[in-house]
Amino acid sequence: MKPIADKPLPTRLAFAALLAPSLLSACVTSQPLCDSPQTRNLDSAVAGVKQSLSGGCHAQFDRYYDDLLTIAEGDPKPENKRVFSEFLVWSADEGLLSRRQAEDYYNRYFNVKFMSLRSDYNNCSHTCPNKRKVLLDMERELSSKERGLLKVSLDSDGYYRADRLYQEVELVLEATCNACSASRQER
Amino acid sequence: MQATALPRSRPNARLLPSLLATAVLMSVAASVYANTPTIRLFPTTVVEDLRQTGNVARDMETGLQEVIGRLDQQRELYEQSKCDGAENDPGCQRLARQIGASYLDMLTIMEERLPDMEHTVNNTRISLERSLRNELGKKMTSWSLQETLVGKQAASATTAASPTLRGRSGMRLSERFKQYYQLVATSGSQGDQSLAVLASDIYLDMEETSLLIQRTRQEIARATLMEQLNQSFGIITPEMMEVVGGVKSILFGDEESRALVAGPPPGSVEQAYRSPLEQ
């Protein structure tokens, strides 16, 4: 039998036309759907999300995380913290997230401390010149904590401690930054 | 009259009890944390500056208390004599001149005492400024500052022993210092986190006090001149009574301005779980 390349052009075109739809349909059927979880049960939703993420939907991680938070808000309880922690540890173990990303996802929502305050440089040189942005980021993070700590985990103590920490940081930064800038004015 | 800008926005005087209380609490704080590695926000110079400011404030308070008491009595007599609306009556004019003279006395006392007050407040402010800049500004990152504020027991999210942040307005300085004292005296195990807030709060107060004294000094000369002119006519101006009211609220407190800060709702959920991802 002659190879297809040796056949006349019309024959080759006809062959390609026959093959193209089957190739296209093969692509379509292998594309993951990446649907949001339909269940309202957090454990089942997490299992479904894990399956989707492993099946090629990892680019949708943010959306899935948000979906899981929404589902958890429907049944808030302290144990939800553990569910999210285990889900994030699994995501890091599977290589979907770096360890640092997993920590950020967890701490932003479920810890009192503010990840927006991560910095390697001293306050006078780095935090003070960016004070407004730092406080704005903290304010946004406080909204995430309201969701994670208060609405998902019923940890009102934790949330109000975070809220107070925000106010304390605001006060201490105001004083510290005034002191830093006074030093610059003296020079 | 611009002197009305003096008092209401931020109560700052009656510094004596507040500053003395602060001096005491600094000593308490210093002894509590003497054996632990700690940030040095309150060196002895700050305590000494506060004590000095307290002494100056006491002198000013004593002098003003007497003259303000006299002003109150004169004002009462003026009202009882139904002088409002009868300003042309010779008796009322005499009373008005007496009130004006007392008002001038008050301005004179303030003029005499304020330079000392300004000097000592500025010393305290500068000392605290240096401490804050070095200890929190240069030696700490925003993360380590947060860790200092949260303290060791962040994970348990306990708030029982933590100080209550009052908000930075609406409360008299002496009341606030009294609270500072109570907080430090009753929460010896807290460590640096409350001291950082305390130092910041006092420093910002001192900054505002300093500005207020500066503005007041600028206005006193003008207010004195105005009143000397008024004396010849025996007039009581509304601004005059406003200034007196303002000074009184600084010295003796203003209940209306006390800010009430709502506490968090009672949390009934246990937080035993700690994630391995937690920072």
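Which pattern does chain B follow, read along the sequence? Select chain B and trace the chain: the pattern is α-α-α-α-α-α-α. That is seven helices and zero strands. Keep in mind throughout that this is a predicted model.

**Stop 1: chain B as a whole**

Stay on chain B and colour by burial. Of its 279 residues, 39% count as buried. Now switch to a contact map of chain B. Take the contacts with a separation of 6 or more: residues 24 or more positions apart account for 90% of them.

**Stop 2: the α2/α3 pair of chain B**

Select residues 44-80 for α2(B) and 90-138 for α3(B). Their axes lie 9 Å apart and the packing angle is about 165°. Angles over 145 degrees count as roughly antiparallel, and α2(B) and α3(B) are therefore roughly antiparallel to each other. The crossing of α2(B) past α3(B) is left-handed. Colour the contact residues of this pair by class: 19 are nonpolar, 12 polar and seven charged.

Next, pick B:K82. This residue sits in the loop between α2 and α3 of chain B. Its phi is positive, about 55°, although B:K82 is not a glycine. Is B:K82 buried or exposed? Count the other C-beta atoms within 10 Å: there are 10. The cut-off for exposed is 12 or fewer, so B:K82 is exposed.

**Stop 3: helix α4 of chain B**

Select residues 142-150 of chain B, which form α4(B). Show the buried positions: B:S142, B:L145, B:Q146, B:T148, B:L149 and B:V150. Then step just past the helix to B:G151. There phi is positive, at about 80°.

**Stop 4: where the chains meet**

Show both chains. The contact takes 47 residues from chain A and 38 residues from chain B. Look at the chain A side. At least two residues each come from α4, α5, α6 (123-127) and α8 (156-186) of chain A. Which helix gives the most to this side? Select α8(A): it supplies 20 residues. By class, the side of chain A that touches chain B has 22 nonpolar, 13 polar and 12 charged residues.

**Stop 5: the two domains of chain A**

Hide chain B. Colour residues 33-110 of chain A as domain 1 and residues 112-187 as domain 2, following the domain assignment. Place a centre on each, taken over C-alpha atoms: 27 Å separate the two. Each domain puts residues into the contact, 13 from domain 1 and 13 from domain 2.

Now keep the domain 1 side of that contact. The elements giving two or more residues here are α3 (61-74), α4 (80-93) and α5 of chain A. The most come from α5(A), with five residues. Sorted by class, the domain 1 side has six nonpolar, two polar and five charged residues.

**Stop 6: α5 against α7 in chain A**

Select residues 99-110 for α5(A) and 131-152 for α7(A). The helices pack at an angle of about 80°, with axes 6 Å apart. That makes α5(A) roughly perpendicular to α7(A). Show side chains for A:R108, A:Y109 and A:F110 on α5(A). On α7(A), add A:E141, A:S144, A:K145, A:R147, A:G148 and A:L149. This contact divides into three nonpolar, two polar and four charged residues.

**Stop 7: α3 against α7 in chain A**

Keep α7(A) and bring in α3(A). Here the axes come within 9 Å and cross at roughly 30°. Angles under 35 degrees count as roughly parallel, and α3(A) and α7(A) are therefore roughly parallel to each other. The crossing of α3(A) past α7(A) is left-handed. On α3(A), select A:L69, A:A72 and A:E73; on α7(A), select A:R147, A:K151 and A:V152. The contact has three nonpolar, no polar and three charged residues. A:R147 was also shown at the previous stop, in the contact with α5(A).

**Stop 8: a loop residue in chain A**

Finish at A:C34. Find this residue in the loop between α1 (9-30) and α2 (42-57) of chain A. Its phi is near 55°, a positive value in a residue other than glycine. How many other C-beta atoms lie within 10 Å of A:C34? The count is 15, so A:C34 is partly exposed.

Technical notes
Residues are numbered from 1 along each chain as its sequence is written. Chains are lettered from A and ligands numbered from 1 in the order in which they are written. This is a predicted model: local features need pLDDT of at least 70, side-chain atom pairs count only at pLDDT 80 or more; totals for chains, interfaces and linings use all residues. Axes are lines fitted to C-alpha atoms, for helices over the stretch in contact, and angles run from 0 to 180 degrees between N-to-C directions. Helices (H or I, at least four residues) and strands (E, at least two) are DSSP runs, numbered from the N terminus. Angles under 35 degrees count as roughly parallel, over 145 as roughly antiparallel, 65 to 115 as roughly perpendicular and the rest as oblique. Two residues are in contact if their C-beta atoms, placed from the backbone, lie within 7 Å. Ala, Val, Leu, Ile, Met, Phe, Trp, Tyr, Cys and Pro count as nonpolar, Asp, Glu, Lys and Arg as charged, and the others, Gly among them, as polar. Domain bounds come from an automatic or database domain assignment. A residue is buried if 20 or more other C-beta atoms lie within 10 Å of its own, exposed if 12 or fewer, and partly exposed in between; C-beta atoms are placed from the backbone. A crossing is left-handed if the near helix is turned anticlockwise from the far one by less than a right angle, and right-handed if clockwise.
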